[in-house]
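User: I am new to this structure and would like a close look at a single part of it. Please take one helix and explain how it sits among its surroundings.

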Amino acid sequence: MQRYYEITIAGLKRKLPICEVNEHLDIAGFIIFGDVEVTVAAAEELLKKVKEFDVIATPEAKSIPLAYELSRQSGKPYIVARKGPKVYMRDPISVEVTSITTKHQQHLYLGVDEVELINGKRVMVLDDVISTGESLDAMKQLISRAGGVITDCCAILAEGDAAKRDDIVFLEPLPLFFK
C-alpha cells in the first residue's frame, strides 16, 4: 500500500509518495514536473526571499521548470548544468557530484557560453530539494570555477538536516523517514 506525506507549499497542499531509498531510509518524492501551479507559486515566494541576482543556475533536470518560471517572473536568464557533455558545448568545465536520489557518481557540465554568461555575475543557485547538499556543493564549485558570484542557494524544500542550515533559502522543510 502506497504511503504519502502531506505538505503545503506556497499555500498549495500536496500529497507526496513515500519512496524507499534503501533498507534504512525512505523519502517523500517531490517531483515538480507537470505541477505548474506549485511551480508558479513557489517561484513567486522564492523571489520574495532572495537577494538581487543576475543569472539563475540549476542542475539538470528536476528543477528546470522552476528555473524557467523564476526567469520568466524576474526577467533574468537561467542556465542548466548538464549531466553530460553535449556536442554543442564548447570547452566544457565539469565537477563531480553524488546525490541521495542517484545511485552512482555523476558530473555536471557548463559550456563556454554558459561560463561567459555567469562570469563576474551575481548567480542564484537553484534546486528543487536540498538534502545532503552534495548537488548544491557541486553547483557552487562549478559557478566558482566559471567566475560567478553566488548570492543565494535556494530550493523549494530542505530535506532532513538541510532544514537546519542557515546558508540556504527554502520554502518548507521535508522530513526523512528512517526505518
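**Helix 1 and its surroundings**

Analyst: Helix 1 and helix 2 are oblique to each other, because an angle of about 60° falls outside the ranges for roughly parallel, antiparallel or perpendicular. The model is a predicted one. The axes of helix 1 and helix 2 lie 9 Å apart, and their crossing is right-handed. On the side of helix 1, the contact is made by T39, V40, A42, A43, E44, L46 and L47; on the side of helix 2, P65, L66, E69, L70, Q73 and S74 take part.

Helix 1 itself has 14 residues. From its first C-alpha to its last, helix 1 reaches 20 Å, close to the 20 Å expected at 1.5 Å a residue. Its buried residues are V38, T39, A41, A42, A43 and L46. Helix 2 is among the elements that cover them, and the cover also includes strand 1, strand 2, strand 8, strand 9 and strand 10.

The largest nonpolar core has 28 residues, and F30, L46, L66 and I156 touch the most other members. Two or more residues each come from strand 1, strand 2, helix 1, helix 2, strand 8, strand 9 and strand 10. Helix 1 gives the largest share, five residues.

I156 shows how these parts meet. Leaving out residues up to four places away in sequence, I156 touches A42, L46 and L66, and also I9, F30, I32, D127, D128, F170, L171 and E172. A second core, separate from this one, has 26 residues, including V55, A57, V97 and A138.

Technical notes:
Residues numbered from 1 in each chain as written. Predicted model: local features only at pLDDT ≥ 70, side-chain atom pairs only at ≥ 80, totals over all residues. Heavy atoms only, no water. Core = buried A, V, L, I, M, F, W, Y, C linked by side-chain atoms within 4.5 Å. Buried < 20%, exposed > 50% of the residue type's maximum accessible area, 1.4 Å probe, protein only. Helix = DSSP H or I, 4+ residues; strand = E, 2+ residues; numbered from the N terminus. Contact = heavy atoms within 4.5 Å. Expected span 1.5 Å × (residues − 1). Axes fitted to C-alpha atoms, helices over the stretch in contact; angles between N-to-C directions. Parallel < 35°, antiparallel > 145°, perpendicular 65-115°, else oblique. Left-handed = near helix turned anticlockwise from the far one by under 90°.
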